Amino acid sequence: MDKKTFYITTPIYYPSDKLHIGHAYCTVATDTIARYKRLRGYDVMFLTGTDEHGQKIEAKAKAAGVTPQEFVDRIVTGEKGILDLWKLMNISNDRFIRTTDDYHVQAIQRVFRKMYDNGDIYKGKYSGKYCKDCESFWTETQLVDGKCPDCGRPVQDAEEEAYFFRLSKYAKPVQELLETGTFLEPASRVNEMINNFIKPGLEDLCVSRTSFTWGIPVDFDPGHVVYVWVDALFNYCTALGLYNDRYDDFDKYWPADVHVVGKEIVRFHSIIWPAMLMSVGLPLPKKVYGHGWLIIDGGKVSKSKANNSTNVIDPYILAEKFGVDALRFFLLRTFPFGSDGAFSNELLISTINTDLANDLGNLVSRTTAMIEKYFDGVLPAERRAEEMDEELKGMIRALPERYARQMDIYQPHVALEEVFRCIQRANKYIDETAPWILAKDEANKSRLAEVMYNLVEALRVCLICLTPFIPESCDKAFGQIGAQNCRSWDDAVYGALTGEIRVHKGETLFPRLDMDKTMAELEEISRASKAPAAKPVLPDVTIDEFAKCDMRVCKVLTCEAVKKSEKLLKFTLNDGSGKPRQILSGIHKFYEPEQLVGKTVVAILNLPPRKMMGQESNGMLLSAVKEVDGKEELHLMILDDSVPAGAQLC
Ligand code: MSP
């Protein structure tokens, strides 16, 4: 029989900057659900990707002096980019879509044409407010204090010829969709959508732009590019093969079982997305789950928020420092998935210490250490149960169902609560049974074996439930308790581990952290990370282009300040030609003239002559520049005096 399918997606992230812990939160949560469904025997398709078009990326690329494609390539596929991050975080996505992929681009053109052909897209004039950062159009009434209601940044007036999608036509069916069933969860988000967006009247949506070019061209009307949200939302279908030949499992996986998204994009996913799917005649996704935000210092975690905070939000730094599983675990254990949660360094450290080092880590190490000590690592089959074992056994027997109930309704933090109740109960069971006393008398051997067996079984069933959250650590722990071959969902039953049980006390899974020391280290990292990022490397030049710059070693013959100028120094240089050369340089803030006379410096000689403060400059002295604490620091290139004047740089 074919396995049941399960299609789950994350939002496709904007590669406009490095991703932070908030993006990692959503991806780790989605990954955990995907892994859980695989554990339950589903044929899972887990999709994530990047949303690469739009005005913001075009503007950022321009500022960085690269093409938009070069810009996104670096953030997505470059070193420590998005792909590397998901690899590091052990994300098990089956597919990764980039909206600049050819197959997607062509498919979106077909989608757009289809909506146009069926009369749902028409040409009009757009005038309104546009938030560049969110790629969102807003009406005047939707603004909050005149600013973007999502991010609070200023919006721009925008007017241009544009295509519109008849969103208003779908207001009724979308409202019905939201009001019946469980299409949008948590349920609290339903009223928000209906009251804020549908009841005030759904306006038609502007779905093309002409004022920038970094987007998918409307193929029947050159000059227009498709609105980035139309391009982005359909990724969920094109990545399965809708209107393209790259993939062919659309029929197998569509409609999606769940789109996991942050609450700020619920509007796009629960109103615009279903309306567009209705327009092209495709089935609707079964669910949109809008999770909450990680908050620092009262606001959504973001690059700019982090600048005023001592909290570290770079997932690379956190994963490297604490381990990938500790970070994954922390994110899902601490914050109720549907609500906002306050993220902090301190909470991260205390969660690792309490749950992972104390509760789980201790249970593994105590259990394996005792079996090694009392039974040379091999647990005998002869065991004697007692009444007092029943409470623990009962909890283990009940755990899989209780856990699954929560996982099935996207409450991973409650599922973890169930698991940790069992882990805490098992630790208490050690204190109650006092194995170190039982071990004193040979006659208690079979009783001691039963106690140890119950601990192994408690651990084993808990580890099966924890595998989707912390896969690598569970793998190691299964090895330590000798249960590598007894870890499927069907094995999540008390008593499934039979035969010879051989344990190995291995490395400590989660070392305890010193709170003060670790906090101080994180604060130091946070301080250091606020130093301005290195400027990106500029686009390639050929060796021939480089060779056109005539850079030579010069000796400073004279140097004096230029009158009435605070910045300029005037140099007479020996450039090796036998004729003195005059160059002006704006470095007085960093050097006094007398410091430089006689020095060996480097100048580019073949720049066109330039007048400054009425004096001619024939070239430019080379310096190294860096911003430190918000101020520019400049160091003139000064070479060893043995290098002769006129020597060329190559
Ligand atoms: N490109 C759009 C999504 C298109 S989906 C068809 C987009 N991208 S984004 O890069 O801004 O990522 C948004 C998602 O990242 C949020 O919906 C959320 O899942 C996650 N998060 C970003 N910051 C977050 C927090 N501070 N807290 C929790 N999740 C956060 O919107």
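## The shell around the ligand

Ala, Val, Leu, Ile, Met, Phe, Trp, Tyr, Cys and Pro count as nonpolar, Asp, Glu, Lys and Arg as charged, and the others, Gly among them, as polar. By that scheme, the shell around the ligand holds 14 nonpolar, eight polar and three charged residues.

This is a predicted model: local features need pLDDT of at least 70, side-chain atom pairs count only at pLDDT 80 or more, and totals for chains, interfaces and linings use all residues. Residues are numbered from 1 along each chain as its sequence is written, and side-chain values use heavy atoms, without hydrogens or water.

## Closest residues and backbone contacts

The ligand has 25 residues around it (a heavy atom within 4 Å). Ile12, Asp51, Glu264, His291 and Leu294 come nearest.

Backbone N or O atoms also approach the ligand. One from isoleucine 12 lies 2.8 Å from a ligand nitrogen. One from valine 301 lies 3.2 Å from a ligand nitrogen. For glycine 262, the partner is a ligand oxygen, at 2.9 Å. On its own, the ligand has 670 Å² of accessible area (Shrake-Rupley method, 1.4 Å probe). The protein covers 95% of that area.

## Elements that build the shell

Which elements give two or more residues to the shell? They are β1 (5–13), α1 (21–39), α8 (228–233) and α9 (235–238). Helices here are DSSP runs of H or I with at least four residues, and strands are E runs of at least two, numbered from the N terminus. α1 gives the most, with four residues.

## Glutamate 52

Glutamate 52 sits in the loop between β2 (43–50) and α2 (55–64). Glutamate 52 is buried (under 20% relative accessible area, 1.4 Å probe, protein chains only), at 0%. Tyrosine 14 is 38 residues away in sequence, yet 6.0 Å away in space, C-alpha to C-alpha.

How values were computed:
A polar contact is a pair of N or O atoms within 3.5 Å; within protein, one must be able to donate a hydrogen and the other to accept it, and residues adjacent in sequence count only if both atoms are side-chain atoms. Buried means under 20% relative accessible area, exposed over 50%, partly exposed in between (1.4 Å probe, protein chains only).
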